[in-house]
Amino acid sequence: MNEVVEGVRTTPAAAELARTHGVYMPIVDTISDLLLGTTDPEEAIHSLMTKQLKDADVVVLAYPMYNFSFPAIVKAWFDSVMLKGETWDMDENGFKGLLTGKKALVVTTSGGKYEGPMESYDHSSSLGKTEFGFMGFEVEAINAGGLNME
């Protein structure tokens, strides 16, 4: 199984995704049953990404702001790893993150500066912090803003 997983990680598409987005999101189809004993590619992808997240002590997620929020691939990643019973759950007190004791750093870039009266437009950093926090992470965010002000 390790050879199969390593083979998927080194395919050109997966390698490019990891290089450009810093996240490993294999798009598998017919080999998904070899990876995790499932014939459902979506289940295989979710399981692999969730395992990576659960195994990490520290996660650094860097992305540009797109129209006040984060790119679709980042949303897809969060949607894939935010699984009830795996990364969060509910009890009589409400929601609880299951990934406590872990840290996340959200690093965003933006063309404009989202400070002062414009701060409420920055849904990119706040949503990243909210998503990680919901899963139990201790989260910090850094924004490199004003990169396209000329």
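Student: What percentage of the 150 residues in the protein chain do buried residues make up?

Tutor: Buried is a term with a cut-off, namely under 20% relative accessible area, with exposed meaning over 50% and partly exposed the range in between (1.4 Å probe, protein chains only). Here buried residues make up 35% of the 150 residues. Please keep in mind that this is a predicted model, in which local features need pLDDT of at least 70 and side-chain atom pairs count only at pLDDT 80 or more, whereas totals for chains, interfaces and linings use all residues. Residues are numbered from 1 along each chain as its sequence is written, and side-chain values use heavy atoms, with hydrogens and water left out.

Student: How many helices and strands does the protein chain have?

Tutor: Helices (H or I, at least four residues) and strands (E, at least two) are DSSP runs, numbered from the N terminus. This chain has six helices and five strands, and from the N terminus on their order is α-α-α-α-β-α-β-β-β-α-β.

Student: Which residues does Ser124 touch, leaving out residues up to four places away in sequence?

Tutor: A contact means heavy atoms within 4.5 Å. With those sequence neighbours left out, Ser124 touches Tyr63, Met65, Phe68, Ser69, Phe70 and Thr108. Ser124 itself lies in helix α6, residues 123-134, and is buried, its relative accessible area being 0%. For the whole chain, if one takes contacts between residues at least 6 apart in sequence, 68% of them join residues at least 24 apart.

Student: How many salt bridges does a search of the whole structure find?

Tutor: A salt bridge is a side-chain nitrogen of Lys or Arg within 4 Å of a carboxyl oxygen of Asp or Glu, and the search finds five. One of them joins Lys54 and Glu86, whose closest N and O atoms are 2.7 Å apart. Because Lys54 lies in helix α4 (residues 41-55) and Glu86 in the loop between α5 (72-81) and β2 (88-91), this pair ties together parts that are 32 residues apart in sequence. Lys54 is partly exposed, with a relative accessible area of 34%, and Glu86 also counts as partly exposed, at 34%.

Student: What else is Glu86 in contact with, besides Lys54?

Tutor: Leaving aside neighbours within four places in sequence, Glu86 is also in contact with Thr50, Leu98 and Leu99. Glu86 and Thr50 are 36 residues apart in sequence, while their C-alpha atoms are 7.7 Å apart in space.

Student: Where in the chain does the salt bridge between Lys75 and Asp79 sit?

Tutor: Lys75 and Asp79 are four residues apart in helix α5, so about one helical turn separates them. Their closest N and O atoms are 2.7 Å apart; Lys75 is partly exposed at 37% relative accessibility, and Asp79 is partly exposed at 41%. Another salt bridge joins Asp89 and Lys84, at 3.0 Å from N to O, and Lys84 is exposed, with a relative accessible area of 52%.

Student: Which side chain of opposite charge is nearest to Lys102?

Tutor: For charge, Lys and Arg count as positive and Asp and Glu as negative, while His and the chain ends are not counted. The nearest such side chain is that of Asp57, 4.4 Å away, and Lys102 is buried yet has no salt bridge. Lys102 lies in the loop between β3 (94-97) and β4 (103-109), and a polar atom of its side chain lies 2.5 Å from the backbone oxygen of Ala56. Residues up to four places away in sequence again being left out, Lys102 touches Leu53, Lys54, Asp55, Ala56, Asp57, Phe137 and Glu138.

Note on methods
A polar contact is a pair of N or O atoms within 3.5 Å; within protein, one must be able to donate a hydrogen and the other to accept it, and residues adjacent in sequence count only if both atoms are side-chain atoms.
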